[in-house]
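Open your viewer and get your selection tool ready. We will go from stop to stop, and at each one you will hear what to select and what is there.

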Amino acid sequence: MDPLKHHIVTLDNCGPVSVFLQGDLEKQRDGAVFLTVHDVGSSYNCWVDWVMDTSMEEIRKRALFVHVALPGQEPGAEDLQQDFTFPKMQELGLNLVTVLDHLRISRVVGLGDGAGANIISRFGMCHPGRVHGIVLINNTASASMGRFMDTLKEKMKSLGFGGKKILNEKNVSKFAEAYRKRTDILADMNKKINFDVLLVAGTQSKYVGDTEAIHKQLAPGLCSMIKVEDISEPLTETPDRVAEAILLFCQGIGLMPSVARKFSRQPSLISQDSGFGERTHK
């Protein structure tokens with residue numbers, strides 16, 4: 001695949017963000033376009049690696065991925081300025097539409113992981129006309145109870161620090177603090193979401209209960225939920241299951257109809273209100 005194309009887009013109240021394009025903008029602008037946002041303690045590379053997984057080969061050929069790198073969260077990033085205030089989750093959700101306008105993309109499928117899922121939720125709620133649907137991995141719509149800090153510590157320990165490919169700990173802490181101060185959006189979701197939503201959670205994740213709460217809140221027929229057994233982080237631990245789920249979701253909303261479905265053998269628990277009914281993979 002061609003190297004990623006790098007754009008810098010300035011968002012109101014958020015400052016400049018780096019955006020990395022994976023795929024052909026000119027060919028795919030009006031087709032299947034995915035807008036991705038990463039978790040705290042992660043980077044856009046988690047989405048790039050997922051797109052490069054062998055299970056994504058057929059989707060990769062037919063889609064464009066627009067990966068947002070939140071301020072200072074790229075591997076090897078310099079320290080954010082001392083007086084830099086990390087944007088609120090709501091400001092990011094509201095202003096990500098500038099990325100679509102900059103690239104002249106009319107609609108996307110939003111993909112978010114962890115904190116990125118919270119931001120993508122807000123993006124969809126602010127701009128329902130700009131999404132085909134959204135896919136939220138290990139999402140929470142409630143105010144912070146501090147649980148993510150334990151997960152973040154584990155992530156950062158496994159990454160280590162220093163070197164070009166490693167995240168900047170000071171910058172990550174600014175993102176973490178902004179995420180900790182997020183507002184509750186659960187009560188508003190049912191009023192503002194009129195598009196398809198796919199929820200994905202690992203059964204070992206601290207957020208599986210939050211995912212179930214969102215599923216109950218949203219209108220029947222709009223929201224589907226998949227729980228993957230025995231894991232915490234679906235995107236990195238079972239990329240093939242995420243690929244399969246997203247392909248089914250996209251085909252349910254009329255995108256990529258020609259891609260053949262390959263069903264994985266990994267067991268999972270699936271609870272669906274739309275799309276493909278209840279199914280357990282073995």
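Start by selecting Phe123, which is buried, with a relative accessible area of 0%. You will find Phe123 in helix 6, residues 115-126. Keep in mind as you look around that this is a predicted model.

**Stop 1: around Phe123**

Which residues does Phe123 touch, leaving aside those up to four places away in sequence? Show Leu35, Gly93, Leu96, Val97, Leu100, Val108, Arg130 and Val131, and you have the list. Now add Met89 to your selection: Phe123 and Met89 are 34 residues apart along the chain, and their C-alpha atoms are separated by 9.6 Å.

**Stop 2: the whole protein**

Zoom out and colour by secondary structure. The protein has twelve helices and nine strands. Of its 282 residues, 56% are buried. Take the contacts with a separation of 6 or more: 76% of them are between residues 24 or more positions apart. If you switch on a surface, about 12400 Å² of the protein is exposed, and carbon and sulfur atoms supply 49% of that.

**Stop 3: helix 8**

Select residues 169-180, which make up helix 8. How far should its twelve residues span, at 1.5 Å a residue? The expected span is 16 Å, and the end C-alpha atoms are 16 Å apart, so the two agree.

Next, highlight Asn171, Val172, Phe175, Ala176, Ala178 and Tyr179, which are buried residues of helix 8. They cover an arc of only 160° around the axis, which puts them on the same side of helix 8. Try looking down the axis to see this for yourself.

Now go to the N-terminal end of helix 8, which is capped by Asn168. Draw a distance from a side-chain oxygen of Asn168 to the backbone nitrogen of Lys170, and you should get 3.0 Å.

**Stop 4: salt bridges**

Stay with Lys170 and add Asp79. These two form a salt bridge, with their closest N and O atoms 3.3 Å apart. The pair links distant parts of the chain: Asp79 is in the loop between strand 4 (63-69) and helix 4 (89-95), while Lys170 is in helix 8, 91 residues apart. Is each partner buried or exposed? Asp79 counts as partly exposed, at 45% relative accessibility, and Lys170 is exposed, with a relative accessible area of 54%.

A search of the whole structure finds ten salt bridges, and here are some others to select:

- Lys227 and Glu212: their side chains meet in a salt bridge, at 2.8 Å from N to O. Lys227 lies in strand 8 (residues 223-228) and Glu212 in helix 10 (residues 208-217), so the pair ties together parts that are 15 residues apart in sequence. Lys227 counts as buried at 17% relative accessibility, and Glu212 as partly exposed at 28%.
- Glu26 and Arg29: the closest N and O atoms of this salt bridge are 2.9 Å apart. Glu26 counts as exposed, at 56% relative accessibility, whereas Arg29 is buried, with a relative accessible area of 10%.
- Glu58, Lys61 and Arg62: select these three together to see a network of salt bridges.

**Stop 5: Thr140**

Move to the loop between strand 6 (131-137) and helix 7 (148-159), and select Thr140 there. Thr140 is buried, with a relative accessible area of 0%. What does its side chain meet? One polar contact is with the side chain of Ser142, at 3.0 Å. Another is with the side chain of Asp210, at 2.7 Å.

**Stop 6: two backbone angles**

Most residues other than glycine have a negative phi. With that in mind, select Asn13, where phi is near 60°, a positive value in a residue other than glycine. Asn13 sits in the loop between strand 1 (5-11) and strand 2 (15-22). Asn13 is exposed, with a relative accessible area of 62%.

For the final selection, pick Met256. Its phi is near 50°, again a positive value in a residue other than glycine. Met256 is in the loop between helix 12 (239-252) and strand 9 (268-272). Buried or exposed, at 7% relative accessibility? Met256 counts as buried.

Note on methods
Residues numbered from 1 in each chain as written. Predicted model: local features only at pLDDT ≥ 70, side-chain atom pairs only at ≥ 80, totals over all residues. Heavy atoms only, no water. Helix = DSSP H or I, 4+ residues; strand = E, 2+ residues; numbered from the N terminus. Expected span 1.5 Å × (residues − 1). Buried < 20%, exposed > 50% of the residue type's maximum accessible area, 1.4 Å probe, protein only. Arc of directions from axis to C-beta. Polar contact = N/O pair within 3.5 Å; in protein donor to acceptor, adjacent residues only side chain to side chain. Contact = heavy atoms within 4.5 Å. Areas by Shrake-Rupley, 256 points an atom, 1.4 Å probe, with all protein chains shown as cover. Salt bridge = Lys/Arg side-chain N within 4 Å of Asp/Glu carboxyl O.
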